[in-house]
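Student: Hi! Please walk me through this one with me.
Tutor: Happy to, here it is.

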Amino acid sequence: MIQDIAPHQMNISYRSAEPSDDSPIMVFRDGKLLSGHDGMKIIFPKYREVGGRTVCLFAVDDTEYFLSEEAGVEPEGYEYRSMRELRKIKTAETTELFAAFTAYHLSEWYLSNRFCGRCGGRMVHDTVERAEVCPACGCKTYPRINPAVIIGIRNNDRILITKYRTGYAHSALVAGFTEIGETLEDTVRREAMEEVGLKVKNITYYKSQPWGMAMDLLAGFFCDVDGDDRIRMDENELKYAEWVERDKIELQPTDISLTNEMMKAFQNEAGRTERNG
């Protein structure tokens with residue numbers, strides 16, 4: 001998955017640091033990231049090429065990445081790419097893509113919290129943690145993370161495969177955001193009913209994944225259809241929803257998503273559990 005960057009390691013802890021000339025700088029414009037591609041990996045401009053005011057985002061190993069808050073120049077040799085465009089680039093490893101997704105998540109949070117939601121005052125960076133603080137009223141805001149679930153609904157040796165009506169065009173699983181007052185398991189039950197009209201049982205946690213391009217934290221669950229397996233698809237959300245046998249699953253073109261890993265796990269029977277009832 002996108003976060004599986006070993007032997008490299010990302011350290012997201014807040015730090016007050018200044019960039020060196022060689023520090024990678026994340027420059028965003030209208031949600032697109034200034035980047036290049038050298039045939040092997042995604043590359044970002046260095047501070048010596050960009051200059052301007054920055055804030056430290058995170059470190060990958062010993063390399064600190066910074067967000068441009070006010071770039072001095074936009075160097076040649078790079079172009080602005082959306083997260084979807086970056087996702088399509090073939091790379092030898094996902095380290096820089098994971099950095100791009102995480103930087104996008106933080107960039108959007110900073111952009112959306114320039115002013116206090118309580119009194120309208122101008123926010124400033126907290127000096128000891130990742131937060132924005134209003135000097136006028138003291139309101140403090142932390143990065144927003146949206147919890148969501150990915151749901152592998154099993155029906156014996158078949159799994160429910162979907163495709164979205166708009167947006168991502170490849171195979172997917174039922175998914176949805178957690179509402180206020182819900183547990184993750186409650187979200188699994190509700191989304192299964194809302195999107196495909198199915199009751200589910202034997203809900204079992206699989207894995208989680210940060211998904212910065214949507215500012216999500218995804219939690220993957222497998223479960224079994226409970227009773228009637230007739231699909232009642234929400235046509236506003238989906239254009240396809242069918243029970244698919246293991247050997248007929250069309251995987252996504254890359255291995256970066258939790259959804260794709262769960263489909264592969266089901267193919268390899270890792271997603272199977274003892275049937276109850």
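**Chatting through the model**

Tutor: Let's begin with asparagine 146, whose side chain makes a polar contact of 2.8 Å with the side chain of arginine 144. A polar contact is a pair of N or O atoms within 3.5 Å; within protein, one must be able to donate a hydrogen and the other to accept it, and residues adjacent in sequence count only if both atoms are side-chain atoms.

Student: Where do the numbers come from?
Tutor: This is a predicted model, where local features need pLDDT of at least 70 and side-chain atom pairs count only at pLDDT 80 or more, while totals for chains, interfaces and linings use all residues. Residues are numbered from 1 along each chain as its sequence is written, and side-chain values use heavy atoms, with hydrogens and water left out.

Student: Ok, back to asparagine 146. Is it buried or exposed?
Tutor: Asparagine 146 is buried, with a relative accessible area of 14%. Buried means under 20% relative accessible area, exposed means over 50%, and partly exposed is in between (1.4 Å probe, protein chains only).

Student: And what is asparagine 146 in contact with?
Tutor: Setting aside neighbours within four places in sequence, asparagine 146 is in contact with Phe177, Ala214, Met215, Asp216 and Leu217. Contact means heavy atoms within 4.5 Å. For alanine 214, the backbone oxygen lies 3.5 Å from a polar atom of the asparagine 146 side chain.

Student: Zooming out, how many helices and strands does the protein chain have?
Tutor: There are five helices and 17 strands in the protein chain. Helices (H or I, at least four residues) and strands (E, at least two) are DSSP runs, numbered from the N terminus. Asparagine 146, by the way, lies in strand 12.

Student: What about buried residues in the whole protein chain?
Tutor: They make up 48% of its 277 residues.

Student: New topic: sheets. What's the order of the four strands in the open sheet?
Tutor: The order is 1-6-7-2, with mixed pairing. Strands 1 (10-11) and 2 (25-26) stand at the edges with a single partner strand each, so one side of each has no neighbour in the sheet. Strand 1 runs antiparallel to strand 6 (residues 53-60), and two bridges join them. Two strands pair if DSSP finds at least two bridges between them.

Student: Which residue is the bridge partner of methionine 10?
Tutor: That's valine 60, in strand 6. Helix 3 (residues 95-112) packs on this sheet, touching strand 1, strand 2, strand 6 and strand 7, and its direction makes about 140° with that of strand 6. The axes are lines fitted to C-alpha atoms, for helices over the stretch in contact, and angles run from 0 to 180 degrees between N-to-C directions.

Student: How many residues are in the largest nonpolar core?
Tutor: It has 46 residues, and among those with the most contacts inside it are Phe28, Leu57 and Phe58. A nonpolar core is a set of buried Ala, Val, Leu, Ile, Met, Phe, Trp, Tyr and Cys residues joined through side-chain atoms within 4.5 Å. Strand 6, strand 7, helix 3 and helix 5 are among the elements that each supply at least two residues of this core. The largest share, 10 residues, comes from helix 3.

Student: Ooh, helix 5. How much of it is buried?
Tutor: Eight of the 10 residues of helix 5 (residues 258-267) are buried, so the rest of the structure largely encloses it. What covers those buried residues includes strand 12 (146-155), strand 13 (158-164), strand 15 (200-211) and strand 16 (216-225).

Student: Last thing: how many aromatic pairs are there?
Tutor: The count comes to seven. Rings of Phe, Tyr and Trp (its six-membered ring) pair if their centres lie within 6.5 Å; planes under 30 degrees apart count as stacked, over 60 as edge-to-face and the rest as tilted. Phenylalanine 44 and tyrosine 65 make an edge-to-face pair, 6.4 Å centre to centre with 75° between the planes. Phenylalanine 44 lies in the loop between strand 5 (42-43) and helix 1 (47-50) and tyrosine 65 in strand 7, so the pair ties together parts 21 residues apart in sequence.

Student: Are those two buried or exposed?
Tutor: Phenylalanine 44 is buried, with a relative accessible area of 4%, and tyrosine 65 counts as buried at 4% relative accessibility. Ring pairs also link Phe44, Phe58 and Tyr65 into a cluster.
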